Amino acid sequence: MEESVSGFKQRGRWVDVVEHGERIVRALTDLAEDPDVDAVAEDALAEFDDWRPKSDERLDDHVNEKTAEQASVGEGEGEKAGKDPDEDLQKAGEKLTESYEKLDDDPDEAVDKWGESIDYVARAADSAGRKALRAVEGAVYKNVMTQIAPYYFDNELVSANLQRSGRGEAPEYVFEVNVNDDDLKIRVSNKLADYESSVDRWHVDTPKDTDTAAAAEGVEPPEPSDDLVAESNEPAPDDGE
């Protein structure tokens, strides 16, 4: 792994970049439980954990799809309020009518109503524009942008990019993750160094299909473990013998 001011970078096979993502998520998860560390945004961490490459995924399929979704234009104020553009336009017409009716009796209120009408028109245009962009941006991103730019992820917690630097039977990948908060980045760096010294072998987390076995053997599949997916090179604790 290479560490610089721009983040933590890993080059190698697919399994190497998957492991890199797992280590950073583990470090952030451990730090989120540390009372001496400022709160790590759980939602932001969960978003990154969902986006990062997994052992059972493919770059051009799964990561492509997730990146397109993450890069999608967000909802505007009208959409957040659950209003369609047509509803806002109708409301704008009502406010405009009210403005006209108040023009003679109360000019100040007429101006206020007129302003509200303009706001609804603007919100309707914003919602319509966002919907139009989302209708095309997914296809454009998947088929065009990924040909000239790496797959990227960005939120309040981390900024990351993943790209394939080679083709053929054994392509190389480059995965770089930057922790946006400088103090937290230093703590993540220390955690990663701890893993290097205390973990002998990191087992990449691979989803297991237990449904078939459960059906054949008539038993319930085991609950997934939250234990560190690694083998420690530290000596086993004294059991008293």
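**Helices, salt bridges and burial in a predicted model**

Reader: In which helix does lysine 102 lie?
Author: The model discussed here is a predicted one. The residue range 85–102 belongs to a helix, and lysine 102 lies within that range. The helix that holds lysine 102 is α5.

Reader: Is lysine 102 buried, partly exposed or exposed?
Author: The relative accessibility of lysine 102 is 33%. A residue counts as buried under 20% and as exposed over 50%. Because its value falls in between, lysine 102 is classed as partly exposed.

Reader: What distance separates the C-alpha atoms of lysine 102 and aspartate 112?
Author: Lysine 102 and aspartate 112 stand ten residues apart along the chain. The separation of their C-alpha atoms is 9.9 Å.

Reader: Leucine 89 also has a place in this description; in which helix does leucine 89 lie?
Author: Leucine 89 has a relative accessible area of 45%, which makes it partly exposed. Its C-alpha atom is 9.1 Å from that of alanine 122, a residue 33 positions away along the chain. The helix in which leucine 89 lies is α5.

Reader: How many helices and strands are there in the protein chain?
Author: Of the 241 residues in the chain, 32% are buried. The accessible surface is about 15400 Å², and carbon and sulfur atoms account for 47% of that area. As for secondary structure, the protein chain has eight helices and seven strands.

Reader: Of the contacts with a separation of 6 or more, what share comes from residues 24 or more positions apart?
Author: The count concerns contacts in the protein chain with a separation of 6 or more. Residues 24 or more positions apart supply a share of 70%.

Reader: At roughly what angle do the axes of helix α1 and helix α7 cross?
Author: Two packed helices are described by the angle between their axes and the distance between the axes. Helix α1 covers residues 14–32 and helix α7 covers residues 182–198, and their axes come within 9 Å. The crossing is right-handed. Its angle is roughly 115 degrees.

Reader: How do the residues of the contact of α1 with α7 divide into nonpolar, polar and charged?
Author: From α1 the contact draws on Arg23, Ile24, Arg26, Ala27, Leu28, Asp30 and Leu31. From α7 it draws on Leu184, Arg187, Val188, Lys191, Leu192, Tyr195 and Glu196. The division is eight nonpolar, no polar and six charged.

Reader: With which residue does arginine 187 form a salt bridge?
Author: The partner also lies in helix α7, four residues from arginine 187, about one turn of the helix. Arginine 187 is partly exposed at 28% relative accessible area, and the partner, aspartate 183, is partly exposed at 44%. The closest N and O atoms of the pair are 3.3 Å apart, and the residue that pairs with arginine 187 is aspartate 183.

Reader: Which residues do salt bridges that share partners join into one network?
Author: Aspartate 183, described above, is partly exposed. Elsewhere, salt bridges with shared partners form one network, and its members are Glu19, Arg23 and Glu196.

Reader: How many salt bridges does the structure hold?
Author: One of them pairs the side chains of arginine 13 and aspartate 16, with N and O 3.7 Å apart. Here arginine 13 is exposed at 55%, while aspartate 16 is partly exposed at 23%. The structure holds a total of eight.

Reader: Is glutamate 57 buried or exposed?
Author: Glutamate 57 and lysine 66 meet through their side chains in a salt bridge of 3.1 Å, N to O. Lysine 66 counts as buried at 13% relative accessibility. The relative accessible area of glutamate 57 is 16%, and a value under 20% means buried, so glutamate 57 is buried.

Reader: Which residues does glycine 7 touch, not counting residues up to four places away in sequence?
Author: Glycine 7 is found in strand β2, which covers residues 7–12, and it is buried with a relative accessible area of 0%. Its C-alpha atom is 6.8 Å from that of valine 179, 172 residues apart along the chain. With residues up to four places away left out, glycine 7 touches Glu2, Glu176, Val177 and Asn178.

Reader: Between which strands is the loop in which serine 165 lies?
Author: Serine 165 is partly exposed at 46% relative accessibility. Beyond four places in sequence, it touches Glu172, Tyr173 and Val174. The loop that holds serine 165 runs between β4 and β5.

Key
Residues are numbered from 1 along each chain as its sequence is written. This is a predicted model: local features need pLDDT of at least 70, side-chain atom pairs count only at pLDDT 80 or more; totals for chains, interfaces and linings use all residues. Side-chain values use heavy atoms; hydrogens and water are left out. Axes are lines fitted to C-alpha atoms, for helices over the stretch in contact, and angles run from 0 to 180 degrees between N-to-C directions. Helices (H or I, at least four residues) and strands (E, at least two) are DSSP runs, numbered from the N terminus. A crossing is left-handed if the near helix is turned anticlockwise from the far one by less than a right angle, and right-handed if clockwise. Contact means heavy atoms within 4.5 Å. Ala, Val, Leu, Ile, Met, Phe, Trp, Tyr, Cys and Pro count as nonpolar, Asp, Glu, Lys and Arg as charged, and the others, Gly among them, as polar. Buried means under 20% relative accessible area, exposed over 50%, partly exposed in between (1.4 Å probe, protein chains only). Accessible areas come from the Shrake-Rupley method with a 1.4 Å probe; for residues, only the protein chains shown count as cover. A salt bridge is a side-chain nitrogen of Lys or Arg within 4 Å of a carboxyl oxygen of Asp or Glu.
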